[in-house]
Amino acid sequence: PKTAADADRRVVFSNLGYTSHTLKAVALPRDVWIDAGGTLRQEFVPELADLRVSQGRQLSLKVEAMESRGQALALDHMGGFQFEIQARINADSCAGTLKEFGFLVLGDDGFQDYVAIGFNTTAQHFFIDRSHSSQSLERDIRAAPLGRVARPVDGGSGYDLHIYVDHSVVTVMLNSHTAITVEARAGSENNQKVGVYAVVADDIKDPAPAAEYLEISMETFQLKSLYV
């Protein structure tokens, strides 16, 4: 990684490495700082807002528990290959009920071919899963342990996600602290769906009504290209 700084901020630039085994890419720049508690924080630089080509669309959802990712709730107001999502996920109401929840991006119509960005409550991992992305060169799961992720900057108990998708590069930041970036290729030109999902735990047969849903509030933007 390389950094640039002045009296007010420090920006980090890091190498994403080789994509497609021939081309190199640079990850999105981040502002980094130490918060009052001594935790190293990072956020995408605010200049990236210049890439937005639409007004933000705000949405609040209660996502009912489902049996599989393929039953994800599609976000029909957005999609494509270039977009940004800022989301707050409140999982308190369904604690112990869900084994996994998050977003699906670059999805086909039936959410059989996609990239998942989510949380595994059994393994206590935050991840990007491209194992269901048929055209990705590396079909694997990249994860970080939730136990090492700092709480949101505001001290809340939820999860703050900041997601950028630009064609074959998927980047997510959790709680202004932990970030994962991968190369992930859409299965076809039709893989433009975005969805949210919440998969019920294997040992829960009949979840209580108060624990049937995941609360998500978000703001979404369509973008022009991030990478040239």
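Let me begin with the aromatic side chains: a search of the whole structure, which is a predicted model, finds five aromatic pairs. The rings of Phe119 and Phe126 have centres that lie 5.5 Å apart and planes that meet at 35°, so this pair is classed as tilted, given that planes must be under 30 degrees apart to count as stacked. As for the surroundings of these two rings, Phe119 has a relative accessibility of 1% and therefore counts as buried, and Phe126, with a relative accessible area of 0%, is buried too.

Phe119 also takes part in a second pair, with Tyr159, and here the geometry is stacked, with 4.4 Å from centre to centre and 25° between the planes. What I would like you to notice on the screen is that this pair links distant parts of the chain, since Phe119 sits in strand 11, residues 115-120, while Tyr159 belongs to strand 14, and the two are 40 residues apart. Is Tyr159 buried or partly exposed? Its relative accessibility is 22%, so Tyr159 counts as partly exposed, the limit for buried being under 20%. Taken together with Phe101, the residues Phe119, Phe126 and Tyr159 form one aromatic cluster.

Strand 14 brings me to the sheet. Six strands form an open sheet, in the order 7-18-9-14-15-16, and their pairing is antiparallel. At the edges we find strand 7, residues 57-64, and strand 16, residues 178-183, each of which pairs on one side only, and from one strand to the next the twist averages 20°. Within this sheet, strand 14, residues 159-166, pairs with strand 9, residues 82-90, in the antiparallel sense over eight bridges; if you want one of the contacts to look at, Gln82 has Asp166 in strand 14 as its bridge partner.

Finally, let me turn to the largest pocket, whose volume is about 360 Å³. Which residues lie nearest its centre? They are Glu43, Gln86, Leu161, His162 and Ser176, out of a lining of 22 residues. Strands 9 and 14 come back at this point, because the elements that give two or more residues to the lining are strand 6, residues 40-44, strand 9, strand 14 and strand 15, residues 169-174. By class, the lining of the largest pocket has ten nonpolar residues, five polar ones and seven charged ones.

To close, I would leave you with strand 14, which holds Tyr159 of the stacked pair, pairs with strand 9 in the sheet, and gives two or more residues to the lining of the largest pocket.

Definitions and conventions:
Residues are numbered from 1 along each chain as its sequence is written. This is a predicted model: local features need pLDDT of at least 70, side-chain atom pairs count only at pLDDT 80 or more; totals for chains, interfaces and linings use all residues. Side-chain values use heavy atoms; hydrogens and water are left out. Two strands pair if DSSP finds at least two bridges between them. Helices (H or I, at least four residues) and strands (E, at least two) are DSSP runs, numbered from the N terminus. Axes are lines fitted to C-alpha atoms, for helices over the stretch in contact, and angles run from 0 to 180 degrees between N-to-C directions. On a 1 Å grid over the protein atoms alone, a cavity is a set of points where a 1.4 Å probe fits but cannot get out, and a pocket is an open set with protein on both sides within 12 Å along at least five of seven lines; lining residues have an atom within 4 Å of a point. Grid points are joined across faces, edges and corners, and a volume is the space filled by probe spheres set on the points. Ala, Val, Leu, Ile, Met, Phe, Trp, Tyr, Cys and Pro count as nonpolar, Asp, Glu, Lys and Arg as charged, and the others, Gly among them, as polar. Rings of Phe, Tyr and Trp (its six-membered ring) pair if their centres lie within 6.5 Å; planes under 30 degrees apart count as stacked, over 60 as edge-to-face and the rest as tilted. Buried means under 20% relative accessible area, exposed over 50%, partly exposed in between (1.4 Å probe, protein chains only).
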